[in-house]
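Let's take an informal walk through this protein, going from its overall layout down to a handful of individual residues. Have the sequence and the 3D view open as you read.

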Amino acid sequence: MDINYKIKDGRVDLKSLNSSELIEYIESLGEKKFRANQLYQWMHEKLVTNFDDCLNIPAKLRESLKENAYLMALEPIRVQTSQIDGTQKYLFKLYDGNVIESVLMKYHHGNSVCISSQVGCKMGCRFCASTLDGCVRNLTASEMLDQVYRIQSISGERVSNIVIMGSGEPMDNYDNVIKFLELINSEKGLNISLRNLTVSTCGLVPKIRELADLELQITLAISLHAPNDELRKTMMPIANKYSIEEIMDACRYYLDKTGRRISFEYSLVKGVNDTKECASQLIDLVHGLNCHINLIPVNPIKERDYEQSNKDAIMAFKNKLEKCGINVTIRREMGRDIDGACGQLRKSYMEDSHESSSND
Ligand code: SAH
């Protein structure tokens, strides 16, 4: 069994196994295949959080599983609900004490969950709160799944869309993210269509190409934020490694392989990337490419001096793109009253707990 799945005192992380791996594992314990199918259903369809809830699994096997394996379950430690739009932010504690956040957004077309892929992030984007303390570790597939499972259980809302746009860079945790996509899409689990899954990346070019080769029907979102390398380098350190031209080539490759329209995210920062000149450069950049541009008024964080563009500048930017026939939307700001931006809730929680522990 792959070492990746061994966590916590060498026990196997059962929720990260696909159904054939689970069968292999259960058979290695001298048990019949149908027990694996039962267990899979308990974990991925009925969303149980401990072995004792798996009622049709014999007590002896449950005991053996407790000894040799581990049923990943996140502990909700804070849930905040926006009074403005019902958006919910969840703060979860992991088995090792680390804390991550996820968001439930309710739209007319269904419920969308934004999940984290790492504890923290090492990409260093200048406007982002998730990266301020670096990356602590990757999340396992089960930890990504359980963000969705716990939110669905706690809120009682069926989740129909998932965006991997929380803390972390998913392409920097590639294998676990691919495993997560497989499991969340599994017919024996929540069976969420690949078309309803979005992976957002700051642009790790080789990984975008690797993902394209899998030909999955997921949406690829690129955090572009600037239309030229010079400006992008001031906002995102990854721009020193991969040029916009390389990213655009990888996007065209992704589109060729999957037929999926590319999404670009562009966070508008006052006086930095919201000028007419930037809009013109952006238009030239995406010319002829089947894509959608999502403009995000930057959510200011107190550690940085980036300010949100004013309404007129945002509208002017959008109109200029629209006039050239580009699909463009302004992202509605969800949950502004509850530390809405990436990593802000976790950060304020960590600061609170740090303060209270230093006051003890
Ligand atoms: N690392 C991945 C996914 C996580 S970030 C990526 O870079 O795409 C999800 C999106 O939110 C990215 O587009 C990111 O650039 C953007 N973002 C992060 N902090 C933000 C902020 N304070 N205001 C606006 N957008 C932000």
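What follows covers the domains, the cysteines, the annotated positions and two buried polar residues.

Before anything else, keep in mind that this is a predicted model.

**Two domains**

The domain assignment splits the protein into domain 1 (12-70) and domain 2 (75-355). Measuring over C-alpha atoms is how the centres are placed, and 33 Å separate the two. Where the domains meet, 15 residues of domain 1 are in contact with 17 residues of domain 2. The area buried between them is about 1200 Å², with carbon and sulfur atoms giving 50% of that. On the domain 1 side, Lys 15, His 44 and Leu 47 supply 40% of the area buried against domain 2, more than any other three residues.

**The cysteines**

How many disulfides does a search of the whole structure find? The search comes back with zero. Take Cys 202: the nearest cysteine sulfur belongs to Cys 125 and is 5.3 Å away, and Cys 202 is in no disulfide. A disulfide needs the two sulfur atoms within 2.5 Å, so that pair doesn't qualify.

UniProt, in an unreviewed entry, places the feature "binding site" at Cys 121, Cys 125 and Cys 128. Cys 121 sits in the loop between strand 8 (118-120) and strand 9 (135-138), and Cys 128 is in the loop between strand 8 and strand 9 as well. Leaving out residues up to four places away in sequence, Cys 121 touches Ser 130, Thr 131, Gly 134, Cys 135, Gly 168 and Glu 169.

**More annotated positions**

The "binding site" annotation from UniProt (unreviewed entry) also covers Gly 168, Glu 169, Ser 200, Ser 223, Leu 224, His 225 and Asn 299. Ser 223 is found in strand 12 (residues 219-223), while Leu 224 lies in the loop between strand 12 and helix 7 (229-235). Setting aside sequence neighbours up to four places away, Ser 223 touches Ser 200, Thr 201, Cys 202, Arg 232, Met 236 and Glu 265. For Leu 224, the contacts beyond four places in sequence include Arg 232, Met 236 and Glu 265, along with Ile 244 and Phe 264.

**Two buried polar residues**

Is Glu 143 buried or exposed? Glu 143 is buried, because its relative accessible area is 0% and the cut-off is under 20%. Glu 143 lies in helix 4 (residues 141-155), and its side chain makes a polar contact with the side chain of Arg 137 at 2.9 Å. Arg 137 also appears among the residues Glu 143 touches, together with Met 72, Leu 74, Leu 94, Tyr 95 and Asn 138, if you don't count residues up to four places away in sequence.

Gln 88, in strand 5 (residues 88-93), has a side-chain polar contact too, with the side chain of Thr 81 (3.1 Å). Beyond four places in sequence, the contacts of Gln 88 include Val 79, Gln 80, Thr 81, Ser 155 and Ile 338.

**Burial values**

Here are the relative accessible areas for the residues discussed.

| Residue | Relative accessible area | Class |
|---|---|---|
| Cys 121 | 8% | buried |
| Cys 128 | 16% | buried |
| Cys 202 | 4% | buried |
| Gln 88 | 13% | buried |
| Glu 143 | 0% | buried |
| Ser 223 | 12% | buried |
| Leu 224 | 0% | buried |

How values were computed
Residues numbered from 1 in each chain as written. Predicted model: local features only at pLDDT ≥ 70, side-chain atom pairs only at ≥ 80, totals over all residues. Heavy atoms only, no water. Helix = DSSP H or I, 4+ residues; strand = E, 2+ residues; numbered from the N terminus. Buried < 20%, exposed > 50% of the residue type's maximum accessible area, 1.4 Å probe, protein only. Polar contact = N/O pair within 3.5 Å; in protein donor to acceptor, adjacent residues only side chain to side chain. Contact = heavy atoms within 4.5 Å. UniProt positions renumbered as here; feature names shortened; annotations may be inferred. Domains from an automatic or database assignment. Buried area = accessible area lost by both parts, 1.4 Å probe.
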